[in-house]
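Trainee: I've got a protein model open and no clue where to start. Could you walk me through it?

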Amino acid sequence: SGTVTIDGKPLQEGTIRFTPDASGSGATTDVSTEIANGAYSFSKYDGPVPGAYSVAINSIENTPFEAPQGKTPGEFVIPPRKQHVPAKYN
């Protein structure tokens with residue numbers, strides 16, 4: 001378990017993913033979980049095993065999108081959503 005903050009404030013929502021690094025530390029699969037109000041946790045059965053990992057945190061702006069009136073999918077481009085976690089942290 002742990003806490004994720006950005007600029008000293010809890011990250012409201014997102015995901016955290018642990019990916020085994022190339023050192024052959026014993027871990028073989030990625031594991032991820034949700035972040036809520038800055039906190040995340042794994043149970044003893046679904047968390048990462050001891051080893052070396054790369055960690056990625058994502059929190060994408062959750063704003064509703066409405067298709068332009070009279071357009072069907074394929075006739076418009078969905079605008080990109082803002083990533084709340086600066087790239088330098090991943």
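Mentor: Let's go through it feature by feature, starting with confidence and then moving to strands, contacts and rings.

Trainee: Okay, confidence. What does the chain average in pLDDT?

Mentor: Keep in mind that this is a predicted model. Where pLDDT is low, the predicted coordinates should not be read in detail. Here the protein chain averages 85, and 97% of the residues score at least 70. Confidence is lowest in β7, with a mean of 91, and highest in β6, at 97.

Trainee: Good to know. Now strands: which residues of β4 are on the covered face, and which on the uncovered one?

Mentor: The general idea first: in a regular strand, side chains alternate between the two faces of the sheet. Now look at β4, residues 13-20. G14, I16, F18 and P20 make up its covered face, while E13, T15, R17 and T19 make up the uncovered one.

Trainee: Which strands is β4 joined to?

Mentor: Take β5 to begin with, residues 31-36: it runs antiparallel to β4, and 6 bridges join the two. In that pairing, R17 has S32 as its bridge partner. Then there's β7, residues 53-58, also antiparallel to β4 and joined to it by 6 bridges. There you'll find P20 opposite Y53.

Trainee: You mentioned R17. How many salt bridges does a search of the whole structure find?

Mentor: Side chains of opposite charge can pair when their charged atoms come close. The search turns up 1 salt bridge. R17 makes it with D30, and their closest N and O atoms are 3.6 Å apart. R17 sits in strand β4 and D30 in the loop between β4 and β5, so the pair ties together parts that are 13 residues apart in sequence.

Trainee: And are those two buried or exposed?

Mentor: Somewhere in between! R17 has a relative accessible area of 38%, so it counts as partly exposed. D30 is partly exposed too, at 37%.

Trainee: Now the rings. How many aromatic pairs does the structure hold?

Mentor: There are 4. One of them is F18 with F42: the centres are 5.8 Å apart and the planes make an angle of 65°, an edge-to-face pair. That pair links distant parts of the chain, since F18 is in strand β4 and F42 is in the loop between β6 and β7, 24 residues apart. Both F18 and F42 are buried.

Trainee: Why is the pair of Y40 and F42 called edge-to-face?

Mentor: Planes over 60 degrees apart count as edge-to-face. The planes of Y40 and F42 are at 75°, so the pair earns that label, with ring centres 6.3 Å apart. Y40 has 15% relative accessibility, so it counts as buried, and F42 is buried at 18%. Zoom out and you get one aromatic cluster made of F18, Y40, F42 and Y53.

Trainee: Let's try some single residues. Why does T33 count as buried?

Mentor: The cut-off for buried is under 20% relative accessible area. T33 comes in at 19%, so it is buried. You'll find T33 in strand β5, and its side chain reaches the backbone oxygen of S41 at 3.5 Å. Beyond its neighbours within four places in sequence, T33 contacts G14, T15, I16, Y40, S41 and F42.

Trainee: What about S59 and S54: where are they?

Mentor: S59 is in the segment after β7, and it is buried, with a relative accessible area of 4%. Its contacts further along the chain include L11, E13 and K82. S54 is in strand β7 and partly exposed, at 42%. Compare sequence with space here: S54 and F18 are 36 residues apart in sequence, yet their C-alpha atoms are 5.8 Å apart. S54 is also in contact with R17, F18 and T19.

Trainee: Last one. Which residue in the loop between β2 and β3 has a positive phi?

Mentor: That's D7, in the loop between β2 and β3, with a phi of about 55° although it is not a glycine. D7 is exposed, at 70% relative accessible area. Another case is N37, with phi near 55°. N37 is in the loop between β5 and β6, and it counts as exposed at 57%.

Definitions and conventions. Residues numbered from 1 in each chain as written. Predicted model: local features only at pLDDT ≥ 70, side-chain atom pairs only at ≥ 80, totals over all residues. Heavy atoms only, no water. Buried < 20%, exposed > 50% of the residue type's maximum accessible area, 1.4 Å probe, protein only. Helix = DSSP H or I, 4+ residues; strand = E, 2+ residues; numbered from the N terminus. Pairing = 2+ DSSP bridges. Polar contact = N/O pair within 3.5 Å; in protein donor to acceptor, adjacent residues only side chain to side chain. Contact = heavy atoms within 4.5 Å. Salt bridge = Lys/Arg side-chain N within 4 Å of Asp/Glu carboxyl O. Phe/Tyr/Trp six-rings, centres within 6.5 Å; stacked < 30°, edge-to-face > 60°. pLDDT = per-residue confidence, 0-100.
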